[in-house]
Structures are given as C-alpha cells and as structure tokens.
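Student: I want to learn to read helices and chain contacts from a model. Please take me through this one.

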Amino acid sequence: MAAALEILGAIPYDQILIQTVNGIVTGMILALVASGLTLIFGIMDVVNFAHGELFMLGAYIGVVVLSATGSFWLALLVATLLVALLGAALQIVTLRPLLGRDPLTTILATFGISLVLQNYALWQFGPVARKIQEPFTGRFQLLYLEYPWYRLVIAALSAIIIGAFWLFLKYGTWGVWIRATTQDRVMAQAMGIPVPWVHTAVFAIGAGMAAASGVLFGPLVGVNHAMGLDWVLKAFIVVVVGGMGNLGGSIAAAIFISLLEAYASIWVSPAQAVIVSFVVLILTLLIRPTGLFVPTPK
Amino acid sequence: MTADASIELRRLAPSPGVPAPLLRTELLTVRFGGLAALDGINFEVGRDEIRAVIGPNGAGKSTFFNCLTGVLRPSSGRILFRGEDITGLSPDRISRKGIARSYQITNILPNATALENVRIAAQSRRHGWSMLTHHGAYGDIIVKAEAVLESVGLCRKAGELAANLSHGEQRNLEIGIALATEPELLCLDEPTAGMSAVETHGTIELVRRIAKNLTILIVEHDMQVVMELANRITVLHYGEVLAEGTPEEIQRNPRVLEVYLKT
Amino acid sequence: MSASPALAEALVSVDNIHTYYGKSHILHGVTLHVGAGEVVGLLGRNGVGKSTTLKTIMGLARPSHGEVLFAGRSITGEPAHKLARLGIGYVPEDRRIFRFLTVMENLRTGLDRHGVTTARKQELLDKVFTYFPVLAERRHQPGGTLSGGEQQMLAIARAMMLEPRIILLDEPTEGLMPRMVSQIGHIIGALHRDGVAILLVEQNVPLTLEASQRIYIMEKGLVRHHCAASDIKVNDAAIHQYLGV
C-alpha cells in the first residue's frame with residue numbers, strides 16, 4: 001500500500017498535463033499533413049513522396065507573404081491557395097499520364113518532384129532557416145509554465161480545417177464524388193463523375209492542407225528547405241498506423257503517436273522520443289497491418 | 001473393431017470387378033459465412049476417364065477445383081486420391097501426390113521461353129536442391145520438357161519467350177506446364193476461355209492426344225468442347241450435384257435444361 | 001427481319017468490334033444495334049463476350065477494331081464519364097453499388113449533374129422511390145447493408161438518375177429469388193413505357209423473350225443468331241444449341 005502511494009506520488013502529473021497539451025497540438029498539425037497524404041493514396045494509389053516539400057513550400061510562401069504584407073492570416077490563405085494550384089498543376093503534368101501504370105513509376109515521380117522542390121527552395125532562399133512570427137504572442141498560465149496561446153490556436157485551427165473538410169466530403173457534391181471514386185473508380189466513371197478531375201482536386205486539396213500545416217507550424221520551428229523530411233516520415237507512419245485511405249484513422253493515429261512521443265519526452269530527450277513512433281509502426285505492421293484504427297471489416 | 005471402422009472398410013473396399021475410383025470426395029462441403037458454396041458433394045472419377053464438370057454461374061465449379069488442388073480448405077468432408085486422404089494438404093504436396101492443374105487466368109512465366117517454363121515444372125519432379133549444377137546439365141529433364149512441348153503442339157516455339165506466344169498458344173503452354181509434373185489427374189480450368197473457334201479446335205485435339213494414361217477433369221462453359229471430349233459429365237448447381245451421366249444422357253435431362261435456361 | 005432501324009439510324013450500334021483483355025481475344029467482330037425506345041435482349045452462355053460487349057459500348061473497354069455509334073455519332077474510345085453524360089446508363093453484372101455511401105448518396109452520384117434543377121432532381125427521386133419503395137425506406141442506410149435484390153434495385157435506380165436514353169443491363173436477375181426476378185421484369189417494362197431503350201444481357205431465357213422486342217444470341221465472341229423475340233420460343237433449336245447443353 002505504501003509502495004503504491006509512493007509510485008503514485010512519483011508520477012510527474014504536471015509534466016504529463018503539459019505534454020498532453022503539447023501532444024495534442026503537434027498531433028493536430030500532423031493530422032492535417034497526414035489527411036492529405038492518406039486521401040491521395042486512398043483515391044489514386046499514389047504514394048506522394050513530395051508531400052513534405054509541399055508543407056515546406058507552404059511555410060516559405062508564408063514567410064514571403066508575411067514579410068511583404070505583415071499579415072499572418074493572409075500568408076496562411078495565400079500559401080494554401082498557391083500550393084493547392086501548384087499541386088493541381090503537378091498532378092496534371094506528371095501523375096495523370098502515369099495513371100494505370102506500375103505503382104513504382106508514381107513513387108519515382110513524386111520522389112523526383114520532392115528533390116526538385118527541395119533544391120529549388122535551397123536555391124531560392126538559401127540554407128539559413130527563416131522565421132515566421134507568431135500572429136499573437138500572449139501566454140497563459142499552465143501550472144508552473146507560461147504556455148503560448150498560439151499553440152492552442154493552431155491546434156484549434158487544424159481541427160477546424162479538418163472538420164470543414166470532413167463536412168465537405170460528407171455533404172458537398174465533389175465530396176460525394178471523391179468518396180465514390182475512392183471506393184470504385186470504374187463505376188464512378190460510369191456514373192458520369194469526371195474521375196481525372198476528381199484526382200486532380202484531391203491532390204490539390206492534399207497539397208493545400210500540407211501548405212497550411214507548414215504555415216501554422218512555421219512559428220514553432222525554423223523554416224528551411226529540409227523541414228519537409230522529418231514531417232513526411234512521421235506523416236507516413238501516421239498513414240500506415242491509421243490505415244491507408246482511412247481519414248478518421250489518420251487523425252486518431254496522429255494524435256495517438258504525438259501523445260506517446262510527448263509523454264516519452266518527459267523521461268528521454270525529444271530526439272530519442274521519436275523512437276516511439278517507429279515502435280508503434282512496427283507493432284502495427286506485425287499485429288494489425290491494415291491499420292490500428294481501422295474497424296475490423298465484416 | 002468399432003461399427004464405424006467396419007463400415008469404413010466396407011466402403012473403401014471396391015466391389016469385385018469395378019476398379020476403385022482414382023479420386024473420390026465424401027460429403028465435401030465449403031461454407032463461406034452462411035453460404036454453402038459446396039454442399040455435401042459425393043463425387044467419383046475413375047482412371048483414364050475424361051470428366052467434364054459444368055453448371056451455371058455460382059454452381060461451385062471453381063470452389064470444387066480449389067479444394068481438390070489444396071488452394072482452399074473444405075469446411076467438412078473428405079477428398080481421397082488413390083484411396084489416400086488428401087483433404088487439407090497444401091498445394092505443393094498435392095502436386096507431388098500427382099494432381100496437376102491449369103488455371104483460368106494464364107499463369108505462365110512471361111519472361112522465360114516456352115521450353116524453360118516447361119523445364120522448371122519438370123524439374124520439380126526430379127532432382128533435389130543443387131545450387132551449383134548448371135541447368136543445362138540436366139539432360140533428361142530437357143528431353144522430357146521437349147517431349148511435353150511436342151505433345152501440346154509447341155515444339156516449334158520452344159525458344160520463344162512465353163510473352164510473345166499467341167493467347168491460344170499460351171493456354172496450351174499452361175497445359176504443358178501441368179503435364180510436365182507427371183500427374184495422374186489433370187484438372188483443366190476453362191482451357192478454351194478467350195480462344196477463337198480455330199484455337200478451340202486445336203485444344204480439343206490436344207486434350208484427346210494427351211488423354212492416354214491420364215485422368216482428366218475439365219471445367220468448361222463451351223458445350224462443344226464438353227460434348228466432344230467428355231466420357232461423362234457432372235452437372236453442379238448451387239453447390240450440389242444436379243446430375244451425372246454420359247453426354248447424351250445429360251442433353252436429354254430435363255432438369256439440367258431447366259437450370260440452364262432458367263425456365 | 002422487318003422494319004428494324006439501320007445501323008446508322010439506331011440509338012446505339014456496334015459495328016464489327018474486336019475487344020481484347022490483354023491477349024485474350026474476347027470479341028471477334030460483334031455487330032448489333034438498339035433502336036430508340038427498344039428493348040433488345042443479348043443471350044449467350046458464360047464467357048461468350050456479352051459483358052465485354054456492354055463494357056465496350058460504355059467505354060470501359062477499348063475495342064482494337066470496329067466502331068461504336070451513339071445516335072449516329074462515333075463514340076469509340078471515348079471515356080465512360082462522357083458517355084454517361086451523353087445518356088448511356090450502365091448497370092454492371094455485380095451491381096457495384098458504392099457500399100460505403102448511403103442509398104441517397106448513391107443516387108446523388110447520378111443526380112448531381114450540370115443543368116438539372118432542384119425541382120427536376122426531386123421529380124427524379126420521387127419517380128425512383130415510387131418504382132422502388134424499399135429504397136425510400138432505406139435511403140440513409142449504407143449501400144453495403146442492403147440485400148442482393150435491393151442492391152440490384154439501387155443499381156438500376158442509380159442509372160435512372162442520369163435520365164439515360166439507353167440503359168445497359170448486365171444479368172440483372174442473376175442470384176435473385178424468383179419473386180425478385182419477376183419484379184425486374186416489371187421494371188424493364190416500366191422503363192420501356194417511359195421510352196428508355198434497354199440492352200438486356202441475360203441467361204434467363206423466358207424473362208428475356210418476354211421483355212424484349214428483338215434478341216441476339218452470342219457464342220464465342222460473335223453474334224450467331226438474331227430475330228424478333230416473338231419469332232422464337234424457349235424450346236427452339238437455336239436456344240438449345242447456344243444456351244443449352
């Protein structure tokens with residue numbers, strides 16, 4: 001009994017609370033990035049290796065617009081729209097002609113795009129990291145810490161964006177088309193749905209969401225040409241753990257993994273805490289490879 | 001000896017004068033969820049017979065073949081080959097027992113020549129694992145493979161890449177690959193699917209040629225092939241045996257016609 | 001054959017089409033046509049190419065040779081989504097309803113088109129719910145929870161949402177209970193009265209002979225027999241030869 005009390009007393013509740021908040025914040029951004037990725041895979045079987053670079057480009061466009069106009073929100077809007085357009089253009093030019101071919105070709109194509117975008121960013125902006133200024137700098141008291149409001153706001157915004165997207169999928173005309181095409185591409189065509197354009201739209205939406213994440217996350221880290229790499233790796237882990245093509249699963253997985261990592265970093269350094277996500281990935285592949293958060297098919 | 005065992009023995013012992021069936025199934029049943037794809041099938045085929053298995057959509061023909069060749073495990077019932085229980089064995093073990101199968105969707109190696117495709121199958125029957133010996137050293141196997149190609153009418157195309165063969169030639173190569181494993185029972189799954197009338201005729205001749213000393217089961221939709229080749233026909237319907245008999249008997253059977261024309 | 005529209009005047013016609021699946025030569029030169037408002041039956045055993053013929057018309061399979069015409073215009077090789085908008089509805093062999101979409105959402109995939117007013121959409125929905133009351137009951141249920149017969153009705157209703165001039169029906173009665181089979185017959189009759197042409201692929205001979213004005217019989221990738229439905233009976237020699245045993 002006394003031992004139990006001692007253990008209970010040794011648990012760092014304050015740190016757990018803080019890390020819960022941190023985990024949810026990071027999880028929501030990761031969910032935003034991963035949603036686009038899983039949707040793109042679910043509808044056209046494309047593994048988009050350029051997704052991290054779209055995130056990175058979004059952040060850079062955010063930097064440029066912010067320094068030009070001073071408005072964070074304008075930067076967010078412009079970055080999202082521009083990268084969505086770029087995504088659409090990329091899909092039409094490089095991915096549409098590859099439809100129906102060996103999946104390896106699309107992987108190579110998106111990988112190639114990622115290299116091009118990375119080096120473009122390096123050439124255009126140089127190797128020194130840029131900073132995006134937070135739109136507001138208030139803090140509130142969270143236990144013994146002063147916790148930035150901004151972090152809560154980006155979590156809320158990500159949730160809103162994902163929520164809006166979910167509503168669009170459920171009720172919008174194109175939303176129904178996207179869901180029908182994901183389930184049965186051939187029959188969707190036979191119903192008059194312009195499937196090639198649905199693919200382009202999904203790629204554009206995914207790209208836009210990645211860009212938005214980039215701008216939102218920018219103030220928390222430095223913006224540099226290689227920032228996409230870390231994120232795309234995490235995003236892929238989330239997509240696999242959540243179930244490829246499963247939107248709800250990705251969101252749950254993103255928060256789940258981010259929380260685990262946040263908790264782990266109470267006891268180990270954040271660099272080591274990353275191991276947690278890989279452990280989860282391996283366990284998922286071993287135990288339930290279709291995805292931890294996928295409902296068991298009937 | 002228990003009552004059950006003595007009944008077993010009596011069942012297995014052939015009646016005098018009637019040769020034992022090569023393949024027999026006892027109450028073979030396959031259930032997918034609540035649906036019985038095969039429902040208590042009692043089937044027998046004797047040596048050197050050519051038996052056609054026909055039936056409308058969903059009758060269970062593919063499921064039946066899948067059970068015989070170990071691809072699918074039956075929910076209940078037994079399969080006896082040469083008196084031996086082979087129920088639930090893996091496909092490679094069943095192949096070694098002497099049952100070979102050709103597939104509905106052509107299953108050849110496209111980047112190997114016709115001869116190599118057959119040689120690889122022939123090899124499975126002979127030498128064990130030897131990583132150091134060059135494949136050209138197995139002279140007897142190459143001779144065997146060439147003989148098989150001859151019997152399926154492809155000896156002129158021995159050096160041709162399988163991908164470059166015509167569709168009919170590919171399907172005949174598929175039969176050759178099955179033959180090369182020296183089976184006692186050959187299961188042909190829609191061998192003339194996608195063939196023109198000319199190619200179909202060629203395959204009918206081919207099956208007639210190879211039928212000596214071989215027992216053949218054919219699943220087919222092309223009635224001309226069935227009527228010309230089969231000694232006997234088994235008609236399946238909704239997982240049960242609807243009728244069995246000679247081609248003439250089946251043609252005259254009103255129940256069979258009803259089922260086919262949905263009258 | 002009396003008074004049948006020439007190929008060029010037909011609503012849909014295929015002229016000597018050859019279609020392959022990979023190397024498999026399925027259609028060896030099929031020629032047939034369907035006039036506006038006509039119900040035409042296409043009979044034949046498994047594997048003769050009936051479904052492939054429908055898929056070729058619908059743009060889901062590309063013929064290597066030959067032409068597909070719609071209202072006199074060549075549509076060979078055009079993508080399926082354009083043909084659906086032109087007025088060709090397709091009800092495939094395994095129904096292929098969108099299992100994770102609700103009944104309403106399945107119908108919406110055909111309803112949400114350019115130039116259809118909200119009033120017209122409501123009219124179409126009302127019509128289809130009159131034809132298929134069970135779909136109205138289940139309108140918010142996911143398609144995958146419907147029974148086989150209900151899924152067949154949904155597949156037909158979905159095609160009707162396109163307001164098609166012709167519906168390609170692939171073995172609608174397969175796997176259905178006899179009561180549902182006769183219901184399908186009634187639906188075909190109702191569509192015919194509405195002026196929709198139907199190309200009906202079937203293995204159910206009595207149903208086809210009753211519902212159709214003309215029939216074709218296929219064997220091994222070719223049309224082998226063609227006559228008015230009234231000129232042939234179930235126990236005719238041709239039926240036995242090409243469909244029997």
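**One helix, two sides**

Tutor: Start with α13(A). On the other side of α13(A) from its buried residues, A:Ile275, A:Phe278, A:Val279, A:Ile282, A:Leu283, A:Leu285 and A:Leu286 are exposed. Exposed means that 12 or fewer other C-beta atoms lie within 10 Å of the residue's own, buried means 20 or more, and partly exposed is in between; C-beta atoms are placed from the backbone. Helices (H or I, at least four residues) and strands (E, at least two) are DSSP runs, numbered from the N terminus.

Student: What kind of model is this, and how are residues and chains labelled?

Tutor: This is a predicted model: local features need pLDDT of at least 70, side-chain atom pairs count only at pLDDT 80 or more, and totals for chains, interfaces and linings use all residues. Residues are numbered from 1 along each chain as its sequence is written, while chains are lettered from A and ligands numbered from 1 in the order in which they are written.

Student: Which residues of α13(A) are buried?

Tutor: The general idea comes first. An α-helix has 3.6 residues a turn, so residues three or four places apart point the same way. Here, A:Ser277, A:Val280 and A:Thr284 are buried. They cover an arc of only 60° around the axis, which puts them on the same side of α13(A). The arc is that of the directions from the helix axis to the C-beta atoms. Among what covers them are α10 (227-242) and α11 (247-267) of chain A.

Student: How do I read a helix crossing?

Tutor: Fit axes to C-alpha atoms, for helices over the stretch in contact; angles run from 0 to 180 degrees between N-to-C directions. Helices α4 (residues 72-95) and α9 (residues 195-217) of chain A have axes that come within 7 Å and cross at roughly 145°.

Student: Which residue classes make up that contact?

Tutor: Two residues are in contact if their C-beta atoms, placed from the backbone, lie within 7 Å. Ala, Val, Leu, Ile, Met, Phe, Trp, Tyr, Cys and Pro count as nonpolar, Asp, Glu, Lys and Arg as charged, and the others, Gly among them, as polar. The contact of α4(A) with α9(A) has 16 nonpolar, eight polar and no charged residues.

Student: How many residues of chain C touch chain A?

Tutor: Chain C places 21 residues in contact with 17 residues of chain A. On the chain C side, α2 (80-86) and α3 (103-111) each supply at least two residues. That side divides into 10 nonpolar, three polar and eight charged residues.

Student: And chain B?

Tutor: That contact takes 20 residues from chain C and 18 residues from chain B. β2(C) gives the most to the chain C side, with four residues.
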